[in-house]
Amino acid sequence: MTDCLVLWTIKFLKFEEGGEKKPPCLFGYPGVDALRPGTYRVPAAVCSRRRGRRAGMGVTVDVHEVFKYPFEQVVASFLRKYPNPMDKNVISVKIVEEKKDVSTGIIYRKRIAVCQNVVPEILRKVNILKIPNVQLEEESWFNPQERNMAIRSHCLTWTQYASMKEESVFRESIENPNWTEFIQTGRISITGAGFLNCVLETFASTFLRQGAQKGIRIMEMLLKEQCGAPLAE
């Protein structure tokens, strides 16, 4: 599911609840209106396809990818991405809420994913990790007029043991209006697992980087199957 549903399989998240459902603020830029092409530069922190780094006590993973397909095709593939035989960790994805703002045309969706618990068996000897599946929640704001979709995701499992935030966006590429830019940033910090904190963060960092690569490969495969070869410059 903010980009990549599989990423959330181990993103233990303590998320702010309540309040009005508004598009997330991406990299300090307020809401969906800031996501239009040309309105901001991609920060240096997301200049590479994927990068993992430590930020204080925690792990931060940034992803930046350009799909050489139109925005509408990329978003459609993203919404159909899971379940997928290329990644059997995602068991199911269900839309639990969907509504359209008639004044702006923005479509709000909330989806719940059920994923396999991928924490290694040796770590599952700890009771808090001894569960078969985890649930993930994704909220998205699709703006067809401005050609962008902002996404915010979090895990519904293990919230008392860790903290993490992720915000993503698909938007029309600045380089080429027929291409689509995907930017994602997220941070995980495990604070309630005692002596396992560092071990779990190390595992999370590795898994997040691998999950980002896998998610992009699945998107590229779906786009090629459904839409043909990428568009040239």
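In this predicted model, β5 and strand β6 (residues 148–155) run antiparallel and are joined by 8 bridges. One of the pairings puts Glu139 together with Arg152, its bridge partner in β6. Ser140, for its part, stands opposite Ile151 in β6. The two strands make up a hairpin, with 4 residues between β5 and β6.

The turn of that hairpin deserves a look of its own. Arg147 sits in the loop between β5 and β6, and its phi is positive, at about 55°, although the residue is not a glycine. Nor is this arginine out in the open: Arg147 has a relative accessible area of 17%, so it counts as buried, the cut-off for that class being under 20%.

On its other pairing, β5 joins up with strand β4 (residues 107–116) through 10 bridges, and this pair too runs antiparallel. Here Arg111 has Glu138 in β5 as its bridge partner. Strand β5 itself, spanning residues 133–143, is mostly covered, with 9 of its 11 residues buried.

As for β6, the count is 8 buried residues out of 8. In a regular strand, side chains alternate between the two faces of the sheet. Both faces of β6 turn out to be covered: one side carries Asn148, Ala150, Arg152 and His154, the other Met149, Ile151, Ser153 and Cys155, and all of these are buried. Arg152, the partner of Glu139, is thus found on the side with Asn148, Ala150 and His154, while Ile151, opposite Ser140, is on the side with Met149, Ser153 and Cys155.

Now to the cysteines. A search through the whole structure comes up with 0 disulfides. Cys155 is in none, and the nearest cysteine sulfur, belonging to Cys115, lies 8.4 Å away; a disulfide would need the two sulfur atoms within 2.5 Å. Cys155 has a relative accessible area of 0% and is therefore buried. Cys227, at 29% relative accessibility, counts as partly exposed.

Turning to the helices, α1 covers residues 71–79. Its buried residues are Phe71, Val74, Val75, Ser77 and Phe78. They span an arc of only 160° around the axis, so they are on the same side of α1. An α-helix has 3.6 residues a turn, so residues three or four places apart point the same way.

Helix α1 packs against helix α2 (residues 197–227) at an angle of about 115°, and the axes are 10 Å apart. The crossing of the two helices is right-handed. From α1, the residues taking part in the contact are Gln73, Val74, Ser77 and Phe78, which meet Met219, Leu222, Leu223, Gln226 and Cys227 of α2. Among the α1 residues in this contact, Val74, Ser77 and Phe78 also belong to the buried set of that helix. On the α2 side, the partly exposed Cys227 is one of the residues that meet α1.

Past α1 comes one more backbone feature. The peptide bond from Tyr82 to Pro83 is cis, with omega near -5°. Pro83 is placed in the loop between α1 and β3, the latter covering residues 90–100.

Methods: Residues are numbered from 1 along each chain as its sequence is written. This is a predicted model: local features need pLDDT of at least 70, side-chain atom pairs count only at pLDDT 80 or more; totals for chains, interfaces and linings use all residues. Side-chain values use heavy atoms; hydrogens and water are left out. Buried means under 20% relative accessible area, exposed over 50%, partly exposed in between (1.4 Å probe, protein chains only). Two strands pair if DSSP finds at least two bridges between them. The arc is that of the directions from the helix axis to the C-beta atoms. Axes are lines fitted to C-alpha atoms, for helices over the stretch in contact, and angles run from 0 to 180 degrees between N-to-C directions. A crossing is left-handed if the near helix is turned anticlockwise from the far one by less than a right angle, and right-handed if clockwise. Contact means heavy atoms within 4.5 Å.
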